[in-house]
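Subject: Structure for your review

Dear colleague,

Please find below the structure that I am passing on to you. I would be grateful if you would look through it alongside the notes that come after it.

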Amino acid sequence: MTSTAVPLPVPRVPRSRRAEANVRLQDIPVDGHKRVLLAAPRGYCAGVDRAVVAVEKALERFGAPVYVRKQIVHNIHVVTELEAKGAIFVDEVDEVPAGAHVVFSAHGVSPAVVDAASDRGLNAIDATCPLVTKVHREAVRFARDDYEILLIGHEGHEEVEGTAGEAPEHVTIVNSPAEADTVEVRDPSKVVWLSQTTLSVDETMQTVERLRARFPELHDPPSDDICYATQNRQVAIKKVAKDADLVIVVGSANSSNSVRLVEVALEYGAAAAYRVDYADEIRQEWLDGVETVGVTSGASVPEVLVHEVLAALADAGYGDVDEVRTAEEDLMFSLPKELRQDASGQRDARGLGGRSR
Ligand code: SF4
């Protein structure tokens with residue numbers, strides 16, 4: 001069967017648009033001192049870095065094309081760059097030619113997808129973030145102990161589909177605090193909650209409180225499911241938002257953690273907050289009367305896109321940039337096991353890492 005790449009339902013922004021746009025923001029005076037507060041940590045997390053490097057290594061090792069099921073990470077720029085290097089993004093493994101290499105994205109896959117890839121004779125490379133795999137393992141364990149799992153997360157998100165697919169008979173998805181008031185369970189004494197890794201910490205805790213009000217014996221996960229990167233980026237933007245007239249979050253529309261950063265910024269005092277994929281999406285009117293612009297980026301965003309935003313803001317008179325750092329990050333994950341040896345059988349240097357803290 002011939003393979004066809006299926007366009008994914010995300011906005012496509014050709015590289016040429018950015019080069020040709022050449023629209024500069026105007027430096028319009030405001031009453032106070034114009035400045036940027038740049039949140040840190042921001043941008044790439046350990047799981048995204050590993051997944052992107054995995055595709056690059058697979059292309060080096062096996063040659064183009066390498067197939068990737070779903071977007072490797074939820075960022076249009078990253079996907080476009082990898083496509084240019086020879087990656088083909090598909091929706092499902094049945095679009096991949098038998099015997100080809102396919103990379104599973106950082107968001108993880110259900111066992112049914114692993115089985116489908118195996119049935120087709122594909123060479124699968126699993127770039128699921130280890131922190132997502134941790135939640136999968138929790139789901140398997142609680143299902144084995146016959147718990148009903150209330151999975152807090154967004155229905156339809158790939159990560160939620162993958163985690164729920166580990167134990168479909170045991171998982172009920174809870175999309176919001178409001179759904180906590182209506183969800184039904186068969187045995188309130190044997191219920192546990194787990195969550196998607198990229199949610200708002202505050203909203204998830206509200207959902208849990210409302211669940212616990214109805215099910216007092218609700219079990220907690222053994223450790224945080226919302227990952228360190230999501231939490232750190234939210235803490236940093238909370239600190240920036242209280243002093244910002246405007247917050248700009250760099251990240252794609254289908255990036256859960258980026259969208260959450262906009263919500264958190266608004267909740268914590270930013271007068272306005274917008275998400276952009278690229279600097280040329282910043283509108284002049286957003287800057288009307290703005291003294292302080294907060295800037296951050298989601299966990300799947302390369303730093304070059306933040307630099308482009310800072311350059312655009314500098315054109316508009318916001319050249320004074322202060323970084324507001326609330327945590328240090330030095331976590332690294334080793335490459336997927338399928339890529340840990342190079343062609344000569346040597347361990348790949350990137351594969352020797354493992355957790356560094
Ligand atoms: S956001 Fe968190 S769970 Fe997702 S890839 Fe990054 S570290 Fe892993």
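The notes below cover the ligand shell, an annotated glutamate and two helices.

Please bear in mind throughout that this is a predicted model.

Ligand shell. Fifteen residues surround the ligand; of these 15, the ones that come nearest are Cys45, Gly47, Cys129, Thr197 and Cys227. Three elements each give two or more residues to this shell, namely helix H2 (46–62), helix H5 (130–144) and helix H9 (228–241). The largest share comes from H2, with three residues. By residue class, the shell consists of ten nonpolar and five polar residues, with no charged ones.

The annotated glutamate. An unreviewed UniProt entry lists Glu159 under "active site". In the model, glutamate 159 is part of helix H6 (residues 158–164). Glutamate 159 counts as buried because it has 24 C-beta neighbours inside 10 Å, where 20 or more are required. Leaving aside residues up to four places away in sequence, its contacts are His107, Gly108, Val132, Gln196 and Thr197. Thr197 is thus found both among these contacts and among the residues that come nearest to the ligand.

Helix H2. This helix has 17 residues, which at 1.5 Å a residue should span 24 Å; the end C-alpha atoms are 24 Å apart, so the expected and modelled values agree. Its buried residues include Gly47, Asp49, Arg50 and Lys57. The buried residues of H2 pack against strands S2 (66–69), S3 (87–90), S4 (101–104) and S5 (123–126), and against helix H3 (76–85) and H5. After H2 comes glycine 63, with a positive phi near 80°.

Helix H8. Here too the length was checked: the 14 residues of H8 (residues 201–214) should span 20 Å at 1.5 Å a residue, and the end C-alpha atoms are 20 Å apart, in agreement. Thr204, Thr207 and Leu211 are buried in H8. Viewed down the helix axis, the buried residues of H8 fall within an arc of 60°, and therefore line one face of the helix. An α-helix has 3.6 residues a turn, so residues three or four places apart point the same way. On the other side of H8, Glu209 and Ala213 are exposed. The packing partners of the buried residues of H8 are strand S6 (148–152), strand S7 (171–174), helix H7 (177–180) and strand S8 (191–195).

With kind regards

Methods:
Residues are numbered from 1 along each chain as its sequence is written. This is a predicted model: local features need pLDDT of at least 70, side-chain atom pairs count only at pLDDT 80 or more; totals for chains, interfaces and linings use all residues. A residue is near a molecule or strand if its C-beta atom, placed from the backbone, lies within 6 Å of it. Helices (H or I, at least four residues) and strands (E, at least two) are DSSP runs, numbered from the N terminus. Ala, Val, Leu, Ile, Met, Phe, Trp, Tyr, Cys and Pro count as nonpolar, Asp, Glu, Lys and Arg as charged, and the others, Gly among them, as polar. UniProt positions are given in the numbering used here, feature names are shortened, and annotations may be inferred rather than shown by experiment. A residue is buried if 20 or more other C-beta atoms lie within 10 Å of its own, exposed if 12 or fewer, and partly exposed in between; C-beta atoms are placed from the backbone. Two residues are in contact if their C-beta atoms, placed from the backbone, lie within 7 Å. The expected span of a helix is 1.5 Å times one less than its number of residues. The arc is that of the directions from the helix axis to the C-beta atoms.
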